[in-house]
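Colleague: Before we talk about single positions, could you put the model on the screen and take me through it?

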Amino acid sequence: YTSTWYGIYLSVGQTVPTSVQNNTVANLSFTSTGALSFNGIYIGAGMANIGTVTGNTIGHTTTSNSITAAGTGDMRGIYSASADPVQVKNNLVANISIIPAAATNGTRGIEVNGSTGSVTIANNQVSNISTTSNSVSSPPTTTSALYGIMLLSSSAGHLIENNMISGLTSTPATASNTVIAGMIIGNGAGLVRANQINTLANNSSSQAPQITGLWISSGGWTVANNMIAIGSSMAGNDSIAGIRDAGGAASTYAYNAVVISGSSGSGSNNSYAFRRSNTASPTLRNNILLNERTGGSGFHYAIGTLLLPGAPWISSASDYNLLVSGDPGRIGEWGTRVADPCCLSVWKTSSSGDTYSLAELASALSSTALFSSPSTGDLHVSTGVNSWYANGNGIALSSVTTDYDGDSRSASIAGGA
């Protein structure tokens, strides 16, 4: 049968936001294999504040499989389809298992889709969500296998900050090129800052499964002070990107710390700390892009632009970054020219940029030597001997004056979050 289940359903007014606080949706098992969809909290129309005072819980903090569903419909912890402004703050969406048999449905921890007003998604935790969906749809399609947080809105002024996303796992029932992303942002414009994304897994045995930490699929955004650490547990042929810049408008990426790690047992897919397929030139400043992944016949880049021949990438697009790769000839990829080694000097010549950027080998500067705890997603720069790579090698930015913790940035400009 076809059915949609709602824990809380809202169709409310447009003048004063409806407040939804301190609710729990948990201990649910949906065994039907029909076209069942699940929405923990649903906003169909009107203005709403979800968790702005006291957060709501969809699932459970520690109990595994607090919510399970075998249906073939889409599954969402918190879902707003309202055209009006919404705020989604301080909520927990965790320990949810979606187990459809050979279905192609999509799962999202938090989704806001269609708002024509400003949206705030802040201080939420999305963790330990798994799916066996076979969906091969790519962003911004809503039926991709699994996203932690998804925002699709054509308006500006959005704020997505201080969210923690971890433990997302895709294990398709059959070999499929499934897509998993910690965060997917499409259309509109706004600020994406101080989010932490780590421990994403795509266990597909197919030829081209994908894992992305933060995917900007369209729109022009400022992306700053984010920590992204993925790949450590993945030994398959996954195409991995810490940040994918795929929008049609120019976005700014500043003070982000990205780590790609682990080892590919086989396959030819590449991995990137930063991967661009945008038709507009981005701006990158003071980022730490560290790719220490090894294995397979693919290449593992700190940075890459896939458009031929890298255009339109203006000379001032990227600078004052720290670029780390395990292969000195694969610091960057310029327009999918895989036959051409691209060390830092070649990257600088090709891109006409990164004049003041630094490059290092992962064997000399590993993630554990530079950051506090990459395995848990904590990419604060350590205070040890290697901290000089980040401290004092950036450039001051008037648009980003605080760091991941909200502290004012010092006069000695440091890269990373």
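Modeller: Buried here means under 20% relative accessible area, and exposed means over 50%. Please keep in mind that this is a predicted model.

Colleague: With that cut-off, does Asn195 count as buried or exposed?

Modeller: Asn195 sits in the loop between β19 (189–193) and β20 (196–202). Its relative accessibility is 1%, and because the limit for the buried class is under 20%, Asn195 counts as buried.

Colleague: Which residue offers its backbone oxygen to the side chain of Asn195, at 3.1 Å?

Modeller: Leaving aside neighbours within four places in sequence, the residues in contact with Asn195 include Glu161, Asn163, Met183, Asn226 and Tyr404. Ile160 is also one of these contacts. The backbone oxygen that lies 3.1 Å from a polar atom of the Asn195 side chain is that of Ile160.

Colleague: Turning to another loop, is Val16 buried or exposed?

Modeller: Val16 is found in the loop between β1 (2–11) and β2 (18–20). In space, its C-alpha is 8.1 Å from that of Ala48, although 32 residues separate Val16 and Ala48 in sequence. The relative accessible area of Val16 is 61%, and since the exposed class begins over 50%, Val16 is exposed.

Colleague: And how far apart in space are Val385 and Ile96, C-alpha to C-alpha?

Modeller: Val385 belongs to the segment after β38 (378–381), and with 71% relative accessibility it counts as exposed. Val385 and Ile96 are 289 residues apart in sequence, and their C-alpha distance in space is 42 Å.

Colleague: For the chain as a whole, what radius of gyration does the model have, and why does it agree with a compact globule?

Modeller: The secondary structure comes to two helices and 38 strands, and the C-alpha atoms fill a box of roughly 60 × 45 × 40 Å along the principal axes. A compact globule of 417 residues would be expected to have a radius of gyration near 22 Å, so the value for this chain agrees with that expectation: 21 Å.

Colleague: What percentage of the contacts between residues at least 6 apart in sequence join residues at least 24 apart?

Modeller: Buried residues make up 59% of the 417 residues in the chain. The accessible surface comes to about 14,300 Å², and carbon and sulfur atoms account for 50% of that area. As for the contacts between residues at least 6 apart in sequence, the share that joins residues at least 24 apart is 80%.

Conventions:
Residues are numbered from 1 along each chain as its sequence is written. This is a predicted model: local features need pLDDT of at least 70, side-chain atom pairs count only at pLDDT 80 or more; totals for chains, interfaces and linings use all residues. Side-chain values use heavy atoms; hydrogens and water are left out. Helices (H or I, at least four residues) and strands (E, at least two) are DSSP runs, numbered from the N terminus. The radius of gyration is taken over C-alpha atoms; the globule rule is 2.2 Å times the number of residues to the power 0.38. Buried means under 20% relative accessible area, exposed over 50%, partly exposed in between (1.4 Å probe, protein chains only). Contact means heavy atoms within 4.5 Å. Accessible areas come from the Shrake-Rupley method with a 1.4 Å probe; for residues, only the protein chains shown count as cover. A polar contact is a pair of N or O atoms within 3.5 Å; within protein, one must be able to donate a hydrogen and the other to accept it, and residues adjacent in sequence count only if both atoms are side-chain atoms.
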